[in-house]
Amino acid sequence: MDFNDTSAEADFRAKVRAWLDDNATLRDGSKTTQDTFMAHNPDQVVQAGKWQKQKADAGWAGITWPKEYGGMGGTPMQQVVWNQEEGRYRVPPFAHLVGVALVGPTLMVHGTEKQKADILPGLLAGDGIWCQLFSEPAAGSDLAGVRTRAKRDGDTWEITGQKVWTSGAHYSQHGLLLARTNPDVPKHKGMTMFIVDMNDPAIEARPITQISGAESFNEVFIDGLKVSDANRVGEVDGGWRVALTTLMNERLTLSVGRAVGGAKTEELIDLAKRVQLNGRPAIEDGEVRARIADFTARQRGLEFTSYRIMTSLSRGQEPGVEGSIGKLLLGRLRQEMSGFALELMGSSAAIADTSDAESLRWRNEYMTAPGNRVSGGADEIQRNIIAERILGMPVDIRVDKDVPFRDL
Amino acid sequence: MDFGFSEDQDAIREAAGRLLDENATLVGAHLLLNENPDGFDGDLWSKLAEGGWLGIGIPEEYGGSGMGAVELAVLAEEIGRTLACIPFAQAMYLVAPAVVQHGSDAQKSALLPAIASGKKIVTAALSENGGIAPGVITAKVSGGLIQGVKSPVPDGGNADVALVAALDDTGQPGLYLVDLTGPGVEREALDATDRTRPMARLTFDGAPADALTGANGAAIKKLVDGAAILVAFEQIGLAGRALAVSSDYAKERKAFGRPIGGFQAIKHRLADMFAKIELARSNAFFGAWALASDDARLAEAAACARLTALDACQYAGEETIQIHGGIGITWIADPHLFVRRGWHLKALLGPAAIWRERLIQALPEGNS
């Protein structure tokens, strides 16, 4: 049990810091952290691509990736050190996250040698952004219900259907798409995974405006898209296994990468010192102090949970049971904390004063947090996973499990 | 950074866990809940003493094995998990560290070997009127004699020595060793919520009090912080056991034609228990490290560990009763054991309200 850097980690941190000092600027006094998961505007996307390339050229883009695919072959702990240090600088949002953290690791497991050689180095270097074409109007938490249909004709597949909640589809060049290839077998057994070209005119992405006002995800219409069999990932009708690899990486990314995401309790304390409640600074109010203390204990717990996950990974173990709680607890914490910040603002919470970045920020946080509790598997799905896979509870009754998909 | 246990520490967990599993059963806890003449499980205590487990945090020169806070934490979790009915927490988390850190050679020689060998039962008497030291102390020491009332004191009825928080002539808080078998001590047994861990009221009227030099208010606060982290491990062990018992029951008990664990209303509560326990564990890990390395963030770490462990423990205990349905509200069933021990562990160091304020004051931003 040692919370400090080992000497090797300290050396690595010094190198990271030296490179970042030369290539980026430290954030100013503001503690406001950027929501780095989804890029919000085209300019940010361009900047994100440049930053990804810059990191790749210097060898920092794929710290845990194998060297043969352009990575550093480093440890998860080095990745944590990088994330901590990069977070101190003013850098563009990580628009390449889906490619680097989800698609890349999926292809490493399920891709052909040619796919790996052709795609992985460029993916890491920021040659295009990737999106994950999984969810559909009738297949969210129940992902295996996808209806987008792929039909084979020789070496070509023709795909038609609709996807939704696709983050970044409107500025992505590549997609990983899960389609129904055999409706005559139970639903988990008749899907196949494909790599698709998002620039193909047979694909249309329409941004969806979210409650936060952002447009980070899309509905995607696919009409007669032709895909070569060479761009199939994994076995025909074996797409569910491929999808599970992607989803496992997604859960890990969401729980590790974002365990420290969102507003910090320190920001809440700042706010409570500046606003008045019952005729005195809010920070002097007992209830305010109690609420902030509880938020702090939960936020620290999530931060340390991510270190436990990283320790498992760096010891060469699968992340243990701790890996499943981060995403479940974080969304709720962000929602409660930002809701409480708005409370502290009193009647000002009902408006966003454009001259006051803070009121905008907490409202945005409050309207973004519900998405945390849905994306990557809703709270209810996370609880099912914990109860069924860790605690061994009987699985939910699935009336559709042994029924051919076409009869559902 | 390495945020987990070493192989040696895992080996300690396994060995201690085996001994405790064999000797501390829920059936045994029920028996002591009904009738507890000695105040603790004497057989288990002897076996722990023989195995050297009572000296885990005591230096080798005083008869212990001189291991650190992390090893003690590992043992604490196993004690919590098995609901061991022994006078361990006060002795090992408060008295022994206080004497090691602040005792004279004579005080150390007189007490530490007796603690490590299990020959003396010792406890800490910090509480007054439901609060914990140092803020609530009214007991006074003058001319080496103590006056005042401490309540509730775990094992106060049968302990040989108590570490007592009291004020000196100048009104400064300090820690004193008091022989409870000597003159000027009156003990009154109280109706403990967890009768497997008895409580007493100690009334001092001129009992000799032997000061631990340098154990001032700041030192008391630091000792309590350390104890909170170790108690958090007991709470995590306890809550984990409640979850295991609830999970087993949910898999066995059938209603509407299937095990109740198949219903989301049940399985989601079990998942919430699990999440609360693991969140507390993460904070407790940081606490164990901060305690072992005497880190500047000890106070913050202790409060975070305490707050999340209190929450996990209470939720797990209460939901364990509910998940068991009707049987859960019967005396002979196990669920209330978890709730009762949970309140005992809460009482040792005070409720969440105290620790929330301690946390705010420990934060650099909150302290202005």
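Two residues count as in contact if their C-beta atoms, placed from the backbone, lie within 7 Å. Keep that in mind as we work through this predicted model.

**Exercise 1.** Work out how many residues each chain puts into the contact between chains A and B, and which helix of chain B gives the most.

*Solution.* Start with the totals: chain B brings 41 residues and chain A brings 40. Next, look at where chain B's share comes from. Elements that each supply at least two residues are α7 (217-252), β9 (258-259), α8 (264-292), α9 (298-323) and α11 (352-362). Of these, α8(B) gives the most, with 16 residues. Finally, sort chain B's side by class: you get 24 nonpolar, nine polar and eight charged residues.

**Exercise 2.** Decide how α1 and α3 of chain A are oriented relative to each other.

*Solution.* First, find the helices: α1 covers residues 7-23 and α3 covers residues 76-86. They pack at an angle of about 40°, with their axes 10 Å apart. Angles under 35 degrees would count as roughly parallel, and roughly perpendicular runs from 65 to 115. So α1(A) and α3(A) are oblique to each other. Their crossing is right-handed. Among the residues that meet here are A:Phe12 and A:Leu20 from α1(A), and A:Val81 and A:Trp82 from α3(A). By class, this contact has six nonpolar, one polar and five charged residues.

**Exercise 3.** Find the largest nonpolar core and take a look around A:Phe194.

*Solution.* The core has 232 residues, and A:Phe194 is one of those with the most contacts inside it, along with B:Ala162, B:Val164, B:Val178 and B:Ala288. The largest share, 18 residues, comes from α7(B). Now leave aside neighbours within four places in sequence: A:Phe194 touches residues including A:Trp157, A:Leu177 and A:Arg232.

Definitions and conventions: Residues are numbered from 1 along each chain as its sequence is written. Chains are lettered from A and ligands numbered from 1 in the order in which they are written. This is a predicted model: local features need pLDDT of at least 70, side-chain atom pairs count only at pLDDT 80 or more; totals for chains, interfaces and linings use all residues. Axes are lines fitted to C-alpha atoms, for helices over the stretch in contact, and angles run from 0 to 180 degrees between N-to-C directions. Helices (H or I, at least four residues) and strands (E, at least two) are DSSP runs, numbered from the N terminus. Angles under 35 degrees count as roughly parallel, over 145 as roughly antiparallel, 65 to 115 as roughly perpendicular and the rest as oblique. A crossing is left-handed if the near helix is turned anticlockwise from the far one by less than a right angle, and right-handed if clockwise. Ala, Val, Leu, Ile, Met, Phe, Trp, Tyr, Cys and Pro count as nonpolar, Asp, Glu, Lys and Arg as charged, and the others, Gly among them, as polar. A nonpolar core is a set of buried Ala, Val, Leu, Ile, Met, Phe, Trp, Tyr and Cys residues joined through C-beta atoms within 7 Å. A residue is buried if 20 or more other C-beta atoms lie within 10 Å of its own, exposed if 12 or fewer, and partly exposed in between; C-beta atoms are placed from the backbone.
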